[in-house]
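Work through the exercises below with the coordinates loaded, trying each task before reading the solution beneath it.

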Amino acid sequence: MNNMKNNILTRALLAVFIILFTACEKDEIGGTATEKMAGEWFVVADAVDSEGNVVYEDADLFGIGYFHLDTYNISSNSLTEMWINDNGNFWDFKTRININFDQMTFAAENADNQAYESKVTIEDGKIILGAATTPSGMPADSIVFTVTFDDDPYPEAYGYYGYRVSGYRYSGFEADE
């Protein structure tokens, strides 16, 4: 009988040990496919000619200054597409862009603007890791691209091609805004 109690006690302790041991294991949470290219950015938009030369700095045209822009994965977690969204801070555009993840480049031609009915073209988009310096002097990733909108009356009226959007990965620090 005593041997039977020890056997039950041993099994109970073993079961408790197994439960405690497996309960302490943590699942590894992975990132998204576009993790290196995704983020929140602090950018400015300057009007440029077709060669990329600045025709009007932001302050001379709209005076918006730096604004937030987001890049993030699409729901299928693809390595070839992601979203770019200005959240209504500049032209109010949200569109899918084609990406080359290995080269950290992106573009879109006459892509649907999901913010409202129009078309967006993005050219020469690239993200360069560690290439920017924030206003506080810290290194950050850089983003730059040229964007045009089919519903934009300003280029024809003021003689420029589109907008060069450029800036750095948002740090969250007040000194970098």
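**Exercise 1: a salt bridge between two strands**

Glu 81 is partly exposed, with a relative accessible area of 22%, where buried means under 20%, exposed over 50%, and partly exposed in between, with a 1.4 Å probe and protein chains only. The model is a predicted one, in which local features need pLDDT of at least 70 and side-chain atom pairs count only at pLDDT 80 or more, while totals for chains, interfaces and linings use all residues. Residues are numbered from 1 along each chain as its sequence is written, and side-chain values use heavy atoms, with hydrogens and water left out.

Task: determine which residue forms a salt bridge with Glu 81, and state which parts of the chain the pair ties together.

Solution. Step one is the criterion: a salt bridge is a side-chain nitrogen of Lys or Arg within 4 Å of a carboxyl oxygen of Asp or Glu. Step two is the search, which finds three salt bridges in the whole structure. One of them joins Glu 81 to Arg 96, with the closest N and O atoms 3.2 Å apart. Step three is the placement: Arg 96 lies in strand 5 (residues 94–100) and Glu 81 in strand 4 (residues 81–85), so the pair ties together parts that are 15 residues apart in sequence. Helices (H or I, at least four residues) and strands (E, at least two) are DSSP runs, numbered from the N terminus. Arg 96 also counts as partly exposed, at 36% relative accessibility.

**Exercise 2: two further charged pairs**

Task: compare the burial of the partners in the salt bridge of Lys 119 and Asp 112 with that in the salt bridge of Asp 141 and Arg 169.

Solution. Begin with Lys 119 and Asp 112, whose closest N and O atoms are 2.4 Å apart. Lys 119 is partly exposed at 31% relative accessible area, and Asp 112 counts as partly exposed at 43%. Turn next to Asp 141 and Arg 169, whose side chains meet at 2.9 Å, N to O. This pair links distant parts of the chain, with Asp 141 in strand 8 and Arg 169 in strand 9, 28 residues apart. Asp 141 is buried, and so is Arg 169.

**Exercise 3: a buried acid without a salt bridge**

Task: for Asp 176, find the nearest side chain of opposite charge and the side chain with which Asp 176 makes a polar contact.

Solution. First locate Asp 176, which is found in the segment after strand 9 (162–169). Then assign charges, counting Lys and Arg as positive and Asp and Glu as negative, with His and the chain ends not counted. On that basis Asp 176 is buried yet has no salt bridge, the nearest side chain of opposite charge being Arg 169, 12 Å away. Finally, the side chain of Asp 176 makes a polar contact of 2.5 Å with the side chain of Ser 171; a polar contact is a pair of N or O atoms within 3.5 Å, where within protein one must be able to donate a hydrogen and the other to accept it, and residues adjacent in sequence count only if both atoms are side-chain atoms.

**Exercise 4: surroundings of His 68 and Phe 90**

Task: list the contacts of His 68 and of Phe 90, leaving aside neighbours within four places in sequence.

Solution. Contact means heavy atoms within 4.5 Å. His 68, placed in strand 3 (residues 67–73), is in contact with Glu 40, Trp 41, Phe 42, Asp 86, Asn 87, Asn 89 and Tyr 170. Its side chain is joined to that of Glu 40 by a polar contact of 2.7 Å, and the C-alpha atoms of His 68 and Trp 41, 27 residues apart along the chain, are separated by 5.6 Å. Phe 90 is found in the loop between strand 4 and strand 5 and is buried, with a relative accessible area of 11%. The contacts of Phe 90 are Ala 45, Phe 62, Ile 64, Phe 67, Phe 149 and Tyr 163.
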